[in-house]
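Trainee: I'm new to this one, so could you walk me through it slowly?
Mentor: Gladly; have a look first, and then ask.

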Amino acid sequence: MTLTFGTDAWSQALVAEINGSSEYRNAAAKWGDGFNGNVLLVFEADGASPKGHALLVKLVKGACLSASFVPGSSHPEAGFGLRAPFSVWKDVLARKTLAATAILTGKMKVEGDRMTLLKHTAAHRALVSCAAALETDF
Amino acid sequence: MDKLYEPLVQLLEGTVRTPDQFTADQLSNYGRIFQWTPRFVVHPRSQKDIVATVAFCRSNKLQLANRGSAHSQSQLAISQGGVLLEMTAMNGIGAVDEKALTVDVEPGVVWRDLTHHLKKWNLVPPVLTNNLGVTVGGTLSMAGIGVASFKYGSQGDNVVEMDVVTGDGKVVTCSPEKNDDLFWAAIAGLGAFGIITRARLKLRRMKPMTRTYYLLYDDLRVFLDDARLAMDSGRWDHLESWGAPCAQGTRPAAGKRQVFAKWFYPFHLTVEYDPGSPPDDAALLAGLRPYDNVYTDDCPTIDFLERMVPVFELWRKAGTWEFMHPWIECILPWETAADCIEQVLADTPPGIQVGGHVLLWPAKGKTSRSKNFMVPEGDNLVGFGLLPAIPQKFWSEMSERLENVSRMMLMFGAKRYLSGWVNFTPDEWREHFGARWDELVALKRRYDPDSILNPGFVPWTPAP
């Protein structure tokens, strides 16, 4: 079923996808263990979308506690941020660009402790892979 | 016929080839990533030939690349439309000075030939690369590292003196004491400042036999602790290690199932000894905590130095020698090494063992004086390399992933070793050389004012 990006239905589907993913469960087993693993995905408005979005995903030890679109482009509960123009996110979610490439080339900005993020690259890849698995109408 | 052919031939003792005579090897290097066609391939016979070729290139505005065994994988040892100097005919080995423990060699000498030549004196260069089929000129231009580098630095650190033909055609004898700026520009200088035509190499006495302990680790961090212990103990002459995958089947990764591995870490520790005085195994291995002690091998030291020859022969027989080789090698700070290696290997398929391997080498940060061989700060370092052999059809899929590995290494504070596949932006080149960059740009202007030497790799001069 195609879901509309930016809706509650989309964010709830993402929670289900993450919690049903053995890839995520294994790769992120240590994510959020002893630190705030909540991630804010910031989709910045650009030519691909006139409206920006921010998605707060609460993550701890291989599980997703919740996901919700939040107002603004920052959030006090976020431990990390991944911020990119909408067009970059679309390419990543369509698997045209590797999330790692976007991060490592600076097209996707990282907020939070970069070294912690680097030590859990498989976890972010699995998270993005879950989002990419949703059939989405942007 | 090319109008410059006859004038060039007239200048030289050596031979000149034109594109109709080129072999496939002359259009690429071991990387097989670039296909470049030179205008001429020159086989110089002497330093005089090289001086003449440099002058010819300057007056005809031709660029000049040089190669030994062309083991580089980026835009080195190949030429697009210029002159490619193949140095293999300049392979003379001079007299051995047994008192000073030195030997003079020409740049086309292959290390394997040199080690055999020196065998009768029980002498050996302090550092030898794993692949002995590469040339002296080639590895000195890169740094040249091997399993004894933790004790003796790079091969470039073990040069007493060199003759170099600069990019403005002068012959300069240089050493750490005399014309030292050119000496340290040429060592690990990627052939950008001059062409080495003679090197006086340090030698050391070797014992005739070696004993190697083949230890295996199942925990990277325990292995690294033991590697540091081994380096600091002063017991060992050679230290060598790898990542070895044990395939575990497939698992999902970014939308598709991929083969993955549990990684183990073989650690080979070697001592040289005299026959009749075998080493004390228990004393040597005291304090080490391997998962398994797999095997202990005694062999003549010359055989130990050639231990990788059968591996490379196998790669040739299997055909993987002709595959693409975008090797990604780096030197990591000790503090971040385990995290970086674990992240990279978690995503590395076990198939990397087909025609390639994963290298780990414990290293010391202060053993090299080379100014161009860039390493991170710190007393202890870890060399780490993914050395794959990739069929052409997988290149588009693999190149992005390998570039990400390189970027990730840099983010963990690594410095790349430059013989492999390096695809830096101009900013990344500056970052690589750090404070040395401005000096190198100035040295390039001084010693190669027309910027003819080995173009296309490091952007010494900004693009117009």
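Mentor: We can talk about where the chains meet and then turn to a pocket.
Mentor: This is a predicted model, where local features need pLDDT of at least 70 and side-chain atom pairs count only at pLDDT 80 or more, while totals for chains, interfaces and linings use all residues. Residues are numbered from 1 along each chain as its sequence is written, chains are lettered from A and ligands numbered from 1 in the order in which they are written, and side-chain values use heavy atoms, leaving out hydrogens and water.

Trainee: How many residues of chain B are in contact with chain A?
Mentor: On the chain B side there are 15, in contact with 18 residues of chain A, where contact means heavy atoms within 4.5 Å.

Trainee: And what area is buried between them?
Mentor: About 1,500 Å², with carbon and sulfur atoms giving 60% of that; buried area is the accessible area (1.4 Å probe) that two parts lose on being put together, summed over both. Ala254(B), Gln343(B) and Met411(B) supply 35% of what chain B buries against chain A, more than any other three residues.

Trainee: How many salt bridges does the rule find across that interface?
Mentor: Two, counting a side-chain nitrogen of Lys or Arg within 4 Å of a carboxyl oxygen of Asp or Glu. In a salt bridge there, the side chain of Asp339(B) meets that of Lys119(A) at 3.3 Å, N to O.

Trainee: Switching topic, what volume has the second largest pocket?
Mentor: About 490 Å³, as the space filled by probe spheres set on grid points joined across faces, edges and corners. A pocket is an open set of points on a 1 Å grid over the protein atoms alone, where a 1.4 Å probe fits, with protein on both sides within 12 Å along at least five of seven lines, and lining residues have an atom within 4 Å of a point. Of its 22 lining residues, the closest to the centre are Ser69(B), His71(B), Gly133(B), Arg316(B) and Trp321(B).
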